[in-house]
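Please open the model in your viewer, colour it by chain, and keep the selection tool at hand. The stops below follow one another, each with something to select and a note of what is found there.

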Amino acid sequence: MRSWLAIVLMVVLGVLMIIAVIQLPQPGSPDAPAQTHVSAYYVEGGKELGGAENLVTAVLLNFRALDTFGEVVVIFSALVAVLAVAAAVAGTGPAGITRTAAETESVEVSPLVAFMVRLLAPFIATFAVFVMLKGHVLPGGGFQGGAVLGAMLILLALFAHRPKPSRFGHPAGLFWLRATGVLAFVLVGLLGLAMTGWMFAMPHDPLAREAMMIALELGIGIGGAAVLIGLFRALADG
Amino acid sequence: MDNLITHIDYIAAVVLFLIGLYIMLVRQNLLKKLLGLNIMETAVFAFIVTTGMVHDGSPPLLAADASGPFASALPHALVLTGIVVAVSITALALALIIRIQREYGTIELQELLNHSASGQSHSGVRQ
């Protein structure tokens, strides 16, 4: 598209959208519908009904557990799709394309960087597990912890050449690890169905509820990290 | 006109959204289009999070000694979902871009269009 035409379109769209947004309630006003309807209900009863002091976690894992289940399925499906595309690339690449040495050999990493990454990795992993385990009380949760853990794995893969693909467990185990988030959600959802009669519902017993939340957070976190490193590997190898 | 000042957070999100849309429309490189899409997604997330903001609010952590007003928890949870979906879209798009590069030797949109117009089989030239 010609850039002057795009600029005209941007100006028209911008004027329309700015006219729309300045008629919204002022950002930060406590009287806005975003603060008075569902949110007020969450603040009122979120701790008892949602079972988590962190309301974001209560919304994610309890009030809107079905949405979060869909979210976990989406990121798992993305990994499956990326693996399928990468496999198609490896299988049917046009003849005459061979990888040059520059592509297959990795650049030499400074020993200092590799040492620092290896030194910091256990601490990053500990922090990630902490974020997962305390996600229902403090800021954090499964997705955040999974992102931290996945970033650590990608750092290791980039700078310390670990985990080596061959040593990372056999493919079947890896597949189950990547599906941890989906499986944890299905299992906890069925457990809720058995205990309360509603899918994804949580019993009122605080201890059981906390245990189910932690199981979900750990499942989402570990599964998310496995999916992230899987996406990285598929893109790097493909 | 006062609203232009008080709603500056929303307007910033609109401007960011338009920057991303402009990049998606004008740039011919598929990778740059993907970056534009990511900028648009960021703008939408910023907009939704802003709706959950409250003046002098605290994070929605209902510890025993916490006192309100609390920021709305729902936009945060929705944006968390949105970020995960955005990551999934980015990863799949990157995989498809790699595949296009392998297949046609280019990720410039105009060259790809010329390629399909001329109807020749893929040359397999890498750039």
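Begin by selecting chain A and showing it as a cartoon: it contains 11 helices and 0 strands, where helices are DSSP runs of H or I with at least four residues and strands are runs of E with at least two, numbered from the N terminus. This is a predicted model, in which local features need pLDDT of at least 70 and side-chain atom pairs count only at pLDDT 80 or more, while totals for chains, interfaces and linings use all residues. Residues are numbered from 1 along each chain as its sequence is written, chains are lettered from A and ligands numbered from 1 in the order in which they are written, and side-chain values use heavy atoms, with hydrogens and water left out.

If you colour chain A by accessibility, 39% of its 238 residues count as buried; buried means under 20% relative accessible area, exposed over 50%, and partly exposed in between, with a 1.4 Å probe and protein chains only. Among the contacts in chain A between residues at least 6 apart in sequence, 67% join residues at least 24 apart, a contact being heavy atoms within 4.5 Å.

**Helix pairs in chain A**

Next select residues 38-50 of chain A, which form helix α3, together with α4 at residues 55-63. The axes of α3(A) and α4(A) come within 10 Å and cross at roughly 65°; such axes are lines fitted to C-alpha atoms, for helices over the stretch in contact, and the angles run from 0 to 180 degrees between N-to-C directions. The crossing of α3(A) and α4(A) is left-handed, a term used when the near helix is turned anticlockwise from the far one by less than a right angle, clockwise being right-handed. Show side chains here and you will find, among the residues that make the contact, A:Tyr41, A:Tyr42 and A:Leu49 of α3(A), with A:Val59 and A:Phe63 of α4(A) opposite them in the pair.

Move on to α7 (residues 111-133) and α8 (residues 142-160) of chain A, whose axes come within 9 Å and cross at roughly 165°. The two helices α7(A) and α8(A) are therefore roughly antiparallel, the class for angles over 145 degrees, whereas under 35 counts as roughly parallel, 65 to 115 as roughly perpendicular and the rest as oblique. The contact draws on residues including A:Val117, A:Ala121, A:Ile124 and A:Ala128 of α7(A), and A:Leu149, A:Met152 and A:Leu156 of α8(A). By class, the contact of α7(A) with α8(A) has 17 nonpolar, 4 polar and 1 charged residues; Ala, Val, Leu, Ile, Met, Phe, Trp, Tyr, Cys and Pro count as nonpolar, Asp, Glu, Lys and Arg as charged, and the others, Gly among them, as polar.

**Between the chains**

Now display chain B as well, and select α11 (residues 206-237) of chain A with α4(B), which pack at an angle of about 15° with their axes 10 Å apart. These helices, α11(A) and α4(B), are therefore roughly parallel. A:Leu228, A:Leu231 and A:Leu235 of α11(A) meet B:Val87, B:Ala91, B:Leu94, B:Ala95 and B:Ile98 of α4(B), and by class this contact has 8 nonpolar, no polar and no charged residues.

Then click on A:Arg64, in the loop between α4 and α5 (65-92) of chain A. Is this residue buried or partly exposed? At 31% relative accessibility, A:Arg64 counts as partly exposed. Leaving aside neighbours within four places in sequence, A:Arg64 is in contact with A:Tyr42, A:Val59, B:Leu74 and B:Leu78.

From A:Arg64, measure to A:Phe200: these residues are 136 apart along the chain, and their C-alpha atoms are separated by 9.1 Å. A:Phe200 lies in the loop between α10 (180-196) and α11 of chain A, and is buried, with a relative accessible area of 12%. Although not a glycine, A:Phe200 has a positive phi of about 65°.

**Chain B**

Select residues 30-52 of chain B, helix α3, whose 23 residues should span 33 Å at 1.5 Å a residue (taken times one less than the number of residues); the end C-alpha atoms are 34 Å apart, which agrees. The buried residues of α3(B), including B:Leu34, B:Met40 and B:Phe45, pack against α2 (33-36) of chain A together with α2 (8-26), α4 (73-104) and α5 (109-118) of chain B.

Finish at B:Leu112 in helix α5 of chain B, a buried residue with a relative accessible area of 15%. Beyond its neighbours within four places in sequence, B:Leu112 is in contact with B:Leu30, B:Ile100, B:Tyr104, B:Thr106 and B:Ile107.
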